[in-house]
Structures are given as C-alpha cells and as structure tokens.
Amino acid sequence: MAITKHTLVGMLALAGCGAENTEFETPEVEWEGEWLRYGRSPGLAPQCTGTAPYMDRYVGALVQLFGVEPSDTVDFFYVDRQSTPCEALGCARDHIIFSLAPVQEHELVHAVRSFEGLSQLVLEEGAAEYWGDDSQAFAFRPNTEGDLLEAVDLVSADGLPSEFYGVAGRLHALLALDSPQAVGTLLRRTSPLMGREALSQQMVQTTGSTLEDWATTVEAYPACEHRQYRDPTPACQSVRTVDRCENGEVVEIEEYVACDDEETLGPRDGEIWKYVAVDIDKAGTYSLLALPDLETKLEGRVTLKECRGGCGSVIEEMEVPSSITPGRSFEAVPGRYLLRLTLPEHEAGWIRVWLAGSCQ
C-alpha cells in the first residue's frame, strides 16, 4: 500500500470549490484499493470499516456506467474545515476529492467524470445528484423545484448555485429514464461553462428537443424528493446481494450494523448504515417486516428502494421500533432492490428484516 502525501495547486472552482490558485497539502493515504485511495485529517475519528472499500467498488461501478478509462486512482480525502479548499460539504478537482463527510458519492461521480472531461455544469451536477449519494445534509435536496433556464444562465466559474442542484437532478433523471444514450452524448459533447444557446443547440442535435422544451418537461415532471428520483444502481452493484428465494417464501435478513463491521458505512448525518441488495425474480405481492433487537431496543430505520431512478422508486421506509410492527405489502416487479439498514451514530446492533412473497 502506497502511503503518500502531496500538494494540490491550481483551480478548484468548477466542481464545488470556491477557492482557486491556492496551495493545499493533502493528508496521508491510509487505505488503497483498485480504484480509490483514502486519507483523512489526523484529528478526525476513523471512518467506519466498510466505507473506503465500498467507495472503491462504487468508483468501479461508475467507471463502467460512464464508460471512462481512468488514468489514475480517485483520491478521497476526509478532512476537517481547516484542511479543505471547499466552501461546501465537498468538492472535486479532477480525481482529487476533499470532503467534510467520510463518504460522499456525489463527489465520486465528479471525480470519475473528470477522466473524460466535465460537461455543462447543469448536466454535470445533475449527474452527480442522480447517480450520487442519499445524504440529506444538503438543505436543497428535499426541494427539487426550480427554473431550468435560470439555472443554465447562472452557471459561472464559481459553479452552479446549490439551490439549482435539485432541478439539475430532475433534468438528468428525465434524460436518463427517457434516453440513456442521449444523456451520455450530452455529457461528452458539452463543456462546463456552455451558455443557453449553445446548450440548446446541442440538446436539439442529441434529443430532438430544445432546452426550452426540456424546461417545460422538467416543470411538468413530479417534484418528488431527491431520495426518490436518485438512481442507486452504483450502490446496488457495490454491495452484497441476497437471493430472495434462498429460504423458500420468506427470506430472513439479519444484519449487524456497527462502525467496526466490514460492511457498515459512515458516520454521516448522525447515522451509520449498511446496504444489502435483494433480487426479486417474479412480479407479485410481497411484504416487508422489520423486527427490533429486543435486547438493546435500538431505534433504527429500514428503507427499501428499487435499483432505478425516478419518482416512486422508494418502496417502503419504516422506523425500527422497540416492538414488532405489522408488515407492509407492496407490488414488486422483477429486478434488484436495495435495503438500507440505518442506526444512530455511535450505536451498534442487529436489524432483522423479513421479506415474504411467493417465489413459485
């Protein structure tokens, strides 16, 4: 494992940073995988054991998704406020990331995208919102409304104002769901500071519709929250998968969530969590039941989401109580689903989930 320290000098504005032409010394690398190297400021507590390996696999999934050829590893530095060039929770310059959180997939998208060049910043931030993380630390994320044309006009060397990230994410969701090939072409054929007229011409060539047409479509698209329209496919490809039919009609998923567990992520937003992917092979009615740890009586949360983007993709979300609650039924289509098992930061315990439904 290479342990290095280097200095970053240069422009840091386009992918979330407000600083430029400033010298920053990066922390030492303490973990290195196939795609990612990870380091942190000396005064920060270690991240949960599963965090760096998970982000390494996430980068690999993004490399495949975007079809890029990385020329180097992605360097992720978990830093304190005194050691970051960012004016935000995180920022990326090329393949180097500074983050105030130990895990931040939004910036991983930027870092992987940088290997082929960043796109027009509304499209670029939209991609990072659509394919990135589910952190709710950003105040703008619950609100996905906004004027797309205004967002394009406000792009500058300082980036896209964060209040327009939501509308950018909605645009990317529509493009990705309607025509994945078109959105890939737009990402490759646009440049960060491209203005309204040039972007509109490129969208006509790529999608057949003007930027104004897309603004109307975005406005009409349901303004569901980021956690709904976000596509967790890279996460679904980066975690362990449970065969839904391995134990007959009911699958019992019993997982230990703790920061020293090799699959637990965080801490972020005051919580730690573990992802488990579940494959459902047959359409039908299923039910989800969360059972508490009766010894510790920890309060947690269980979320089930389809491995796709778009409104309605969060199937169920329930609190894990101190007593058993009735199961919740849902209609499932064949595909992969992502379970998010969450506990408060500094807690540790078992979360049990029963997923029932005929496999015949």
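In this predicted model, helix H2, which spans residues 105–113, lies across S4, S5, S6 and S7, and runs at about 5° to S6. Nine of the nine residues of H2 are buried, so the helix is largely enclosed by the rest of the structure. The buried residues of H2 carry a mixture of names that a newcomer may enjoy reading through: Glu105, His106, Glu107, Leu108, Val109, His110, Ala111, Val112 and Arg113.

The strands beneath this description belong to an open sheet of five strands, in the order S3-S4-S5-S7-S6, with mixed pairing. Strand S3 (29–32) and strand S6 (90–93) form the edges, each pairing on one side only. From one strand to the next, the twist averages 20°. As a general reminder, strands of a sheet pair through backbone hydrogen bonds, and they may do so in a parallel or an antiparallel way. The antiparallel sense is found between S6 and strand S7 (residues 96–99), which pair over four bridges. One place to look for this pairing is alanine 92, whose bridge partner in S7 is isoleucine 97. Helix H1 (residues 51–66) also lies across part of the sheet, namely S3, strand S4 (36–40) and strand S5 (74–78), and its direction is at about 145° to S4.

Attention can now turn to the nonpolar interior. The largest nonpolar core has 69 residues, and those with the most contacts inside it are Tyr54, Val74, Leu108, Val122 and Leu148. Leu108 is also among the buried residues of H2. For valine 122, the residues touched, not counting those up to four places away in sequence, are Leu148, Ala151, Val152, Val155, Leu160, Ala168 and Leu171. Another core lies apart from the largest one; this other core has 27 residues, including Ala290, Leu304, Val320 and Leu343.

Helix H6 (residues 180–189) offers a further example of burial, with Ala182, Val183, Gly184, Thr185, Leu186 and Leu187 all listed as buried. The cover over these buried residues of H6 includes H1, H2, helix H3 (121–131), helix H5 (165–178) and helix H7 (196–207). Within helix H3 sits glutamate 124. Glutamate 124 has a relative accessible area of 1%, and therefore counts as buried. Leaving aside neighbours within four places in sequence, glutamate 124 is in contact with His110, Arg113, Leu118 and Ser119. Of these contacts, His110 and Arg113 appear among the buried residues of H2.

Further along the chain, two residues around helix H9 deserve a look. Glutamine 228 has its place in helix H9, and with a relative accessibility of 14% glutamine 228 counts as buried. Its side chain reaches the backbone nitrogen of glycine 312 at 2.9 Å. Not counting residues up to four places away in sequence, glutamine 228 touches Lys305, Gly309, Gly310, Cys311, Gly312, Ser313 and Val314. Proline 232 is found in the loop between helix H9 (226–229) and helix H10 (233–236). The relative accessibility of proline 232 is 0%, so this residue counts as buried too. Apart from neighbours within four places in sequence, proline 232 is in contact with Lys305, Glu306, Cys307, Arg308 and Leu338. Of these partners, leucine 338 shows how folding can bring separated parts of a chain together: proline 232 and leucine 338 are 106 residues apart in sequence and 7.9 Å apart in space, C-alpha to C-alpha.

Some details of the backbone complete the picture. Glycine 266 and proline 267 are joined by a cis peptide bond, with omega at about -5°. Proline 267 belongs to strand S10 (residues 265–268). In the loop between S10 and strand S11 (271–280) comes aspartate 269, which has a positive phi of about 55° although it is not a glycine. Aspartate 269 counts as partly exposed, at 38% relative accessibility. A positive phi, of about 75°, is also found at histidine 346, again not a glycine. Histidine 346 lies in the loop between strand S16 (335–344) and strand S17 (349–356). With a relative accessible area of 75%, histidine 346 is exposed, whereas glutamate 124 is buried.

Conventions: Residues are numbered from 1 along each chain as its sequence is written. This is a predicted model: local features need pLDDT of at least 70, side-chain atom pairs count only at pLDDT 80 or more; totals for chains, interfaces and linings use all residues. Side-chain values use heavy atoms; hydrogens and water are left out. Two strands pair if DSSP finds at least two bridges between them. Axes are lines fitted to C-alpha atoms, for helices over the stretch in contact, and angles run from 0 to 180 degrees between N-to-C directions. Contact means heavy atoms within 4.5 Å. A nonpolar core is a set of buried Ala, Val, Leu, Ile, Met, Phe, Trp, Tyr and Cys residues joined through side-chain atoms within 4.5 Å. Buried means under 20% relative accessible area, exposed over 50%, partly exposed in between (1.4 Å probe, protein chains only). A polar contact is a pair of N or O atoms within 3.5 Å; within protein, one must be able to donate a hydrogen and the other to accept it, and residues adjacent in sequence count only if both atoms are side-chain atoms.
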